[in-house]
Amino acid sequence: MTVKTAQAAVVALALLASGSAVMAAEPHGIAFVHHDWELACDNTRTCRAAGYHPQPNDEDDGDSDTDTLEKALPVSVLLTRKAGPHQPVVGELHIGHYGEETTESFPGKRSLTLLIDTRPVGQVTLARGHWIASLAPGQTAALLAALPGHGNIQWTDGKRTWKLSNKGAAAVMLKMDEFQGRLDTPGALLAKGTRDERDVLPAVPAPVVVAPGVPADADRVRLSTPDLAALRQALAASSGDECSALADPAGGHSIHMRRLSRTRLLASTTCWAGASDVAEAYWTTSAMPPFAATLVTTNGRAYLQGKIDASRWAGGFDCMDIDEWTWDGKRFVQTRKGTTGMCRGIDMGGAWSLPVIVTDVRPAPVRP
């Protein structure tokens, strides 16, 4: 499918779906991946598109040879755009330094030249010990113009070259336009048109979550043997087949109880264990039998002071999936969700922060 064909299809679908979730007053974030590019738009309607170096196992599309792909140095670009009319796209460059790209091989302040189809488009300076640098507005504009086609985009220090793939960029840019309501407006990345810029969807404030403190005796809840049996039954009923460990009371996984409030408890138990990872299941329950239980997650990693963390390494140590829930006094609200980008060997822990859920978590006011 050509860029123009894809553009026309997305415009048509978006105009027909004007009543979709994208247009809702309270948007939900989205994640979208296509080839070497990915998109994460959060619930404030801020969008972040990340692109990476080409992969050796990508199908040859005629724009690069296998030898070039095998030698591609890790690099990534992040394009961030807030919601609302006339918002600029902000570009950042991240030079990969996970594995062979060490500080010793790239030790000091370095200037890289951006080349688009061999034409210089200014320089990017990386300070000593830093691997991320901002792109000038003119460089970002040049990138946006080159990405949808087959432009050759690279940075070089004269000795090495970092090439950025544009495979998948057009689809990601169109998806960003669609999510932010920019299709057929002058400010659209691809689907430009004459629709009034004032029709672009506005930014939405991050939801506020007020987090009360949990009781000091959070780890001191003890249950009698009959109550513990009733609790296990309630937990199993609420999780179905999602936590098979509950079906085996003799499996050695004890249930831990913590107090959240006078009437609510937090129950947890090991749900599954692998060679190098363990997942905890968490439920909120009533404080008395029959322990009406509500499942929060079966993929938890840790709990601390009213927060459940389910973040995990997604491939080695160069990318992560981020998940977090916060107790608001009545229930656990998901307050963080996203990733740190594709597992492309850019950086320990990932190349970027790509959230789809963001919140403003505030402590509850202290009563006099």
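Student: Let me start with one cysteine: is Cys41 buried or exposed?

Tutor: Buried means under 20% relative accessible area. Cys41 has 0% relative accessibility, so Cys41 counts as buried. Keep in mind that this is a predicted model.

Student: Which residue does a disulfide join to Cys41?

Tutor: That would be Cys47, with 2.0 Å from S to S. Cys47 is buried too, as its relative accessible area is 0%. The link of Cys41 and Cys47 is right-handed, with 110° about the S-S bond.

Student: How many disulfides does the count come to?

Tutor: The count comes to three disulfides. Besides the link we've just seen, Cys243 is joined to Cys271, at 2.4 Å from S to S. That pair links distant parts of the chain, 28 residues apart. Cys243 sits in the loop between helix H5 (225-239) and strand S12 (256-259), while Cys271 belongs to strand S13 (residues 264-273). Both Cys243 and Cys271 are buried.

Student: And what about Cys319 and Cys343?

Tutor: A disulfide joins those two as well, with an S to S distance of 1.8 Å. The link of Cys319 and Cys343 is right-handed, with 60° about the S-S bond. Look at where the two ends lie: Cys319 is in the loop between strand S18 (312-313) and strand S19 (320-327), and Cys343 is in the loop between strand S20 (332-339) and strand S21 (354-357), so the pair ties together parts that are 24 residues apart in sequence. Cys319 counts as buried, at 1% relative accessibility, whereas Cys343 is partly exposed, with a relative accessible area of 38%.

Student: What is the pairing if I number the bonded cysteines in sequence order?

Tutor: For the protein chain it reads 1-2, 3-4, 5-6.

Student: Now the rings. How is a pair of aromatic rings described?

Tutor: You give the distance of the centres and the angle of the planes. In this model the count comes to one aromatic pair. The ring centres of Trp327 and Phe332 are 5.3 Å apart and their planes are at 55°, so the pair is tilted. Both Trp327 and Phe332 are buried.

Student: Which residue lies over the face of Phe32?

Tutor: Lys175 does, at 5.6 Å from the ring centre.

Student: Let's try a helix. Which residues along an α-helix point the same way?

Tutor: Those three or four places apart do, because an α-helix has 3.6 residues a turn. With that in mind, look at helix H4 (residues 169-179), which is mostly covered.

Student: How many residues of H4 are buried?

Tutor: Eight of its eleven residues are. They are Ala169, Ala170, Val172, Met173, Leu174, Met176, Asp177 and Phe179. Follow the chain on just past H4, and you'll find Gly181 with a positive phi of about 70°.

Student: What is the mean pLDDT of the protein chain?

Tutor: pLDDT is the predictor's confidence in each residue. The chain's mean is 86, and 83% of its residues reach 70 or more.

Student: Where does pLDDT stay under 50?

Tutor: One such stretch is residues 1-24, for which the model has 26 contacts beyond four places in sequence. Residues 62-68 also have pLDDT below 50, and that stretch has four contacts in the model beyond near neighbours in sequence.

Definitions and conventions
Residues numbered from 1 in each chain as written. Predicted model: local features only at pLDDT ≥ 70, side-chain atom pairs only at ≥ 80, totals over all residues. Heavy atoms only, no water. Buried < 20%, exposed > 50% of the residue type's maximum accessible area, 1.4 Å probe, protein only. Helix = DSSP H or I, 4+ residues; strand = E, 2+ residues; numbered from the N terminus. pLDDT = per-residue confidence, 0-100. Contact = heavy atoms within 4.5 Å. Phe/Tyr/Trp six-rings, centres within 6.5 Å; stacked < 30°, edge-to-face > 60°. Lys NZ or Arg CZ within 6 Å of the ring centre and 35° of its normal. Disulfide = S-S within 2.5 Å.
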